[in-house]
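I open these notes to keep track of what I looked up, in the order in which I looked.

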Amino acid sequence: MARGVARAASFGGRAATARWCSYRRITVAVCLGNLVAALLVLRSLTSFAPTPPKREEVVEYTEEQVKKAEESIRIRREAEPIELVEAVKNLRKIFRREEKRRKELPLELKQKVSYEIVQLLLDLGDNSTFAQQREAVESWRFKKLKDIKSASIQNSTTLDLSIEEARTLKRALQFNWHVLMDDIGLWIPSEVSHTEHDDKPENEPEEEEIIAGPPLPSQCNAELHTDYDGAAVRWGLTHPKESAADCCQACLDQAKNARPGELRCNIWVYCPSEFGCFSPDKYEHKHQECWLKQADSPKLNFKDKYSESYRNSHPTAPVVVPWMSGVISA
């Protein structure tokens, strides 16, 4: 009896479960789940959608503002450099025409031209001026052009060039000479002629240079821009003096106090320039150097200005002699 009741209860539970889990109910549940998921996806997509742009407000200008804008545009157009723009356009046309006309020379032809020009300059010698070199090169160019033209008329090959090479070389020599000079590395500087003009009125006294320090005694015989030669009694590299007067006085004192057999100073040489004084030796001669010298027959090293030939051989030499010196009166 008990087993029958249990079987009946079990059968009744399965039947109830079967009624709740029918295919229709399951299908409806799945559709509802899909619908909820689709709604969630649609909501997420619409939440990230870009907001439509705001409608821009149309700005309305008054008649006075419009007139001012038109007037500004008119003034700006009138201020345009029309002539300059036209000139630039013409230059661009010329440059494009030149570029079309230009045809670069072959390397072998460039080497041949440069060899001929170098040989021409070597034949002129080292003493030739820039003007002579420039004239010789121009003469060579005109002669080469003449030879090419005559060869093209006679249809000959005496220049050892093909017809195409002769045409290219003629075009380069005639229209692109400066470009060809740059290509072969030829540059001859311009020779500047310098002429000094003396604008001083006649009989005008020369301006005396001011010597720093106390006045020099007459027996010092100071001479500006002068350098005397002689045997060194005292080296100026280690013998600075405050002024030319002190340097002269040092020479007088040395001659007065010299021992028997010692050289007696009779020449003093002083560097008054704050930038130092030039000398052809290896030392750097500074301001206030005082050299004491001795010579039985004093001779000048330099006076007033260094010669042009001396400055050519000594590039660091200034134009004017910076030293001042004097020979002590007996």
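**Aromatic cluster**

I began with two rings and found that Phe278 and Tyr306 are both buried. The model is a predicted one, and I keep that in mind throughout. Tyr306 also pairs with Tyr310, and I recorded this pair as stacked, with 5.4 Å centre to centre and 15 degrees between the planes. Tyr310 is buried, as is Tyr306.

I then searched the whole structure for aromatic pairs and obtained seven. One of them joins Phe278 and Tyr306, whose ring centres are 5.6 Å apart and whose planes stand at 85 degrees; planes over 60 degrees apart count as edge-to-face, so this pair is edge-to-face. I looked up where the two residues sit: Phe278 is in the loop between strand 3 (267-270) and strand 4 (290-303), and Tyr306 is in the loop between strand 4 and helix 10 (308-313), so the pair ties together parts that are 28 residues apart in sequence. Following the ring pairs further, I arrived at a cluster that links Phe278, Phe302, Tyr306 and Tyr310.

**His239 and its surroundings**

Next I turned to His239, which I located in the loop between strand 2 (226-234) and helix 9 (244-257). Is His239 buried or exposed? Its relative accessible area is 7%, and since buried means under 20%, His239 counts as buried. A polar atom of the His239 side chain lies 3.0 Å from the backbone oxygen of Cys290. Leaving aside residues up to four places away in sequence, I listed Arg234, Ala250, Gln288, Glu289, Cys290 and Leu292 as the residues that His239 touches.

Two of these neighbours I followed up. Arg234 belongs to strand 2, and with a relative accessibility of 39% it counts as partly exposed. Under the same exclusion of residues up to four places away, Arg234 touches His239, Cys290, Trp291 and Leu292. I also noted a separation of 9.7 Å between the C-alpha atoms of Arg234 and Gln294, which are 60 residues apart along the chain. Gln288, for its part, sits in the loop between strand 3 and strand 4, and I noted its positive phi of about 75 degrees although it is not a glycine.

His225 is another residue that has a positive phi, here about 55 degrees, without being a glycine. I placed His225 in the loop between strand 1 (222-223) and strand 2, where it is partly exposed at a relative accessible area of 21%.

**Helices and the annotated segment**

I checked helix 3 (residues 63-78), whose 16 residues reach 23 Å from the first C-alpha to the last, close to the 22 Å expected at 1.5 Å a residue. How many of its 16 residues are buried? I counted zero, so far as the cut-off of under 20% relative accessible area goes, and helix 3 is accordingly hardly covered.

According to the unreviewed UniProt entry, the annotation "transmembrane region" covers residues 26-45. In the model I found this stretch to be 100% helix and 0% strand, with its end C-alpha atoms 29 Å apart.

**Whole protein**

Last, I wrote down the totals. The protein holds ten helices and five strands, and buried residues make up 23% of its 330 residues. It exposes about 26100 Å², of which carbon and sulfur atoms supply 55%. Among contacts with a separation of 6 or more, 72% come from residues 24 or more positions apart.

Technical notes
Residues are numbered from 1 along each chain as its sequence is written. This is a predicted model: local features need pLDDT of at least 70, side-chain atom pairs count only at pLDDT 80 or more; totals for chains, interfaces and linings use all residues. Side-chain values use heavy atoms; hydrogens and water are left out. Helices (H or I, at least four residues) and strands (E, at least two) are DSSP runs, numbered from the N terminus. Buried means under 20% relative accessible area, exposed over 50%, partly exposed in between (1.4 Å probe, protein chains only). Contact means heavy atoms within 4.5 Å. Accessible areas come from the Shrake-Rupley method with a 1.4 Å probe; for residues, only the protein chains shown count as cover. UniProt positions are given in the numbering used here, feature names are shortened, and annotations may be inferred rather than shown by experiment. A polar contact is a pair of N or O atoms within 3.5 Å; within protein, one must be able to donate a hydrogen and the other to accept it, and residues adjacent in sequence count only if both atoms are side-chain atoms. The expected span of a helix is 1.5 Å times one less than its number of residues. Rings of Phe, Tyr and Trp (its six-membered ring) pair if their centres lie within 6.5 Å; planes under 30 degrees apart count as stacked, over 60 as edge-to-face and the rest as tilted.
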